[in-house]
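Here are my notes on the model, set out as numbered points for discussion. Please read them with the sequence and the coordinates open.

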Amino acid sequence: MSYDVIIAGGSVAGLFCAREVAKAGHSVLVIEEDYEVGTPEHCGGLVSASGLEDLGIIPSTKTLDSQIQTAQLCSPSGTTLDINAKKQNVIVINRRELDKQIAHQAQKNGAEIKVKTSLKETKPNQAVTSAGTFDCKILVDARGVSSIIQKDRTGTLQSAQYEIYADWIQKGLVEVNFDSEKYPGFFSWVIPAASGIGKVGVAGKGINAIQAIEKFLESKGKHSTIRKVFAPIWVNGPIDDFVSGNTVIVGDAAGQSKPTTAGGIYSCGVGGVLAGKAISSYLESKNPDDLKSYQKSWNQKFGKEFEKQLFARKMLERLDNPTIDKIFSAITPEMISDISNNDDFDFHTTAIVKMLGLKGSLKIAQTIFGGEIRKLLN
Ligand SMILES: Cc1cc2nc3c(=O)[nH]c(=O)nc-3n(C[C@H](O)[C@H](O)[C@H](O)COP(=O)(O)OP(=O)(O)OC[C@H]3O[C@@H](n4cnc5c(N)ncnc54)[C@H](O)[C@@H]3O)c2cc1C
């Protein structure tokens, strides 16, 4: 069998790419190694409604779990800051359903999807899969962190995320807990799907994620665990080359999730869309520059923001608990109200700058990081 494009990985990046290639009239096969698109789910499901809209998705009733009202940030000593998230229109989606919704869009445009089929090997213009060898003009690597980790292990953190039932989970309230000893360079989180149902997770540099999540849950109180996921997250930003010969790399496989939070539904999804458009142009023009335009357009949208996010996460790695506490205590209600009203969930380094007080009275971060801090401000 022969296809214009074969895509390995049937999740957000691969499926959006397939939708765009099929929409332009080219033949495309998506192979997904799992038994079902959308499983096993390893995602909190937190995403901006505007991001999804940009990707051409209006969540179906099955896909949408809930709307976030408040993001509560907690310092190591227990100070909390509540950011009103209504304006940022952040929602919690069910990833099992979102991936199926995108798969359906791709299929309606003409893409073919095969589950329980994995990419075994690539040869020039051929994909060797568990279901046989297929000819193709372009191969898309959308295999997620499992692909990038084969090239570089240093950019990952181990995470643990449990789906739980607990009376203390409040609908509409996302919790983010900073503690440089428990979660170095990252945080723990609670993402509600509904009242009493949600996902709790931890990640951090060099931590034992199982121990860390068990301790976090112990501190929160009574709960029932219904699912456990242990997965690496990529926090090192994009790889150097999204295109190599006739292989195009998209999504987490290309390092397209946020260096601050590892959130990737939107930025990986956009990677898939832009790659799909560039591949379609290339198939028509045969001009390699058309293929390369994918990386340029992704960088135009996210390059600068991701550079700042990388710097912000390096700063977080260097902050100790007393300094995090000091920063929290210097954040004023006016700063919180400014962030609530004016900042963006997907491009959030302006909010980080405000919280560090870089443009206000607090100069703690400047004292620690000196001239380097300009990287965040530019
Ligand atoms: C614990 C956790 C919580 C997260 N929470 C959020 C969140 O709240 N919001 C957010 O925006 N992002 C979140 N993310 C990140 C988000 O899940 C990813 O950025 C996003 O799923 C990346 O999409 P992708 O399509 O690039 O890769 P993936 O979703 O990882 O998909 C890769 C696909 O490739 C398949 N595959 C792998 N190898 C092969 C092969 N050889 N052949 C065929 N198929 C293969 C896999 O089965 C998988 O379906 C979270 C991640 C983790 C780990």
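1. How many aromatic pairs does the structure hold? The structure, which is a predicted model, holds 14 aromatic pairs. In one of them, the rings of F242 and Y294 have their centres 5.2 Å apart and their planes at 35°; an angle that is neither under 30 degrees nor over 60 counts as tilted, and so the pair is described as tilted.

2. Where do the two partners of this pair lie in the chain? F242 belongs to the loop between β16 (224–234) and β17 (243–244), whereas Y294 belongs to helix α7 (residues 288–318), so the contact ties together parts that are 52 residues apart in sequence. Both ends of the contact are buried by the usual criterion of under 20% relative accessible area, since F242 is at 0% relative accessibility and Y294 is also at 0%.

3. A further aromatic pair is formed by Y266 and F302, and here the geometry is edge-to-face, with 5.6 Å from centre to centre and 75° between the planes. This pair also links distant parts of the chain, given that Y266 sits in helix α6 (residues 265–285) and F302 in helix α7, 36 residues apart. Y266 and F302 are both buried. The two pairs can be read together, for ring pairs link F242, Y266, Y294, W298, F302, F306 and F347 into a cluster.

4. Two lysines deserve a look alongside the aromatic rings. K116 lies over the face of Y35, at 4.8 Å from the ring centre, and K258 lies over the face of F345, at 4.1 Å from the ring centre.

5. How many salt bridges does the structure hold? There are 18 salt bridges in the structure, among them the one in which the side chains of E36 and K100 meet, at 2.7 Å from N to O. This bridge links distant parts of the chain, with E36 in the loop between β2 (28–32) and β3 (46–48) and K100 in helix α3 (residues 95–108), 64 residues apart. Neither partner is buried: E36 is partly exposed, with a relative accessible area of 37%, and K100 counts as partly exposed at 28% relative accessibility.

6. The salt bridge between D141 and R143, whose closest N and O atoms are 2.9 Å apart, joins residues that fall in separate accessibility classes. D141 counts as buried at 6% relative accessibility, whereas R143 is partly exposed, with a relative accessible area of 32%.

7. Within helix α7, R313 forms a salt bridge with E317, and the closest N and O atoms of the two are 2.6 Å apart. Because R313 and E317 are four residues apart in helix α7, they are separated by about one helical turn. R313 counts as buried at 5% relative accessibility, while E317 is partly exposed, with a relative accessible area of 32%. Elsewhere, salt bridges that share partners join E41, R96, E163, K199 and R227 into one network.

8. Which residues around the ligand come nearest? Of the 33 residues around the ligand, those that come nearest are S11, E32, G44, L46 and D252. For E32, an N or O atom in the side chain is 2.6 Å from an oxygen atom of the ligand. Backbone atoms take part as well: a polar backbone atom of A13 is 3.0 Å from an oxygen atom of the ligand, and a polar backbone atom of G264 is 2.9 Å from a nitrogen atom of the ligand. The protein covers 91% of the 1,000 Å² of accessible area that the ligand has on its own.

9. As for the elements that build the shell around the ligand, α1 (12–23), β2, β12 (156–165), β16 and α6 each supply at least two residues. Of these elements, α6 also holds Y266, which pairs with F302 of helix α7 in the contact described under point 3.

10. One last position to inspect is G237, which lies in the loop between β16 and β17 and is buried, with a relative accessible area of 1%. G237 and Q256 are 19 residues apart in sequence, and their C-alpha atoms are 6.3 Å apart in space. The loop between β16 and β17 is also where F242 lies.

Note on methods:
Residues are numbered from 1 along each chain as its sequence is written. This is a predicted model: local features need pLDDT of at least 70, side-chain atom pairs count only at pLDDT 80 or more; totals for chains, interfaces and linings use all residues. Side-chain values use heavy atoms; hydrogens and water are left out. Rings of Phe, Tyr and Trp (its six-membered ring) pair if their centres lie within 6.5 Å; planes under 30 degrees apart count as stacked, over 60 as edge-to-face and the rest as tilted. Buried means under 20% relative accessible area, exposed over 50%, partly exposed in between (1.4 Å probe, protein chains only). A charge sits over a ring if NZ of Lys or CZ of Arg is within 6 Å of the ring centre and within 35 degrees of the ring normal. A salt bridge is a side-chain nitrogen of Lys or Arg within 4 Å of a carboxyl oxygen of Asp or Glu. A residue is near a molecule or strand if one of its heavy atoms lies within 4 Å of it. A polar contact is a pair of N or O atoms within 3.5 Å; within protein, one must be able to donate a hydrogen and the other to accept it, and residues adjacent in sequence count only if both atoms are side-chain atoms. Accessible areas come from the Shrake-Rupley method with a 1.4 Å probe; for residues, only the protein chains shown count as cover.
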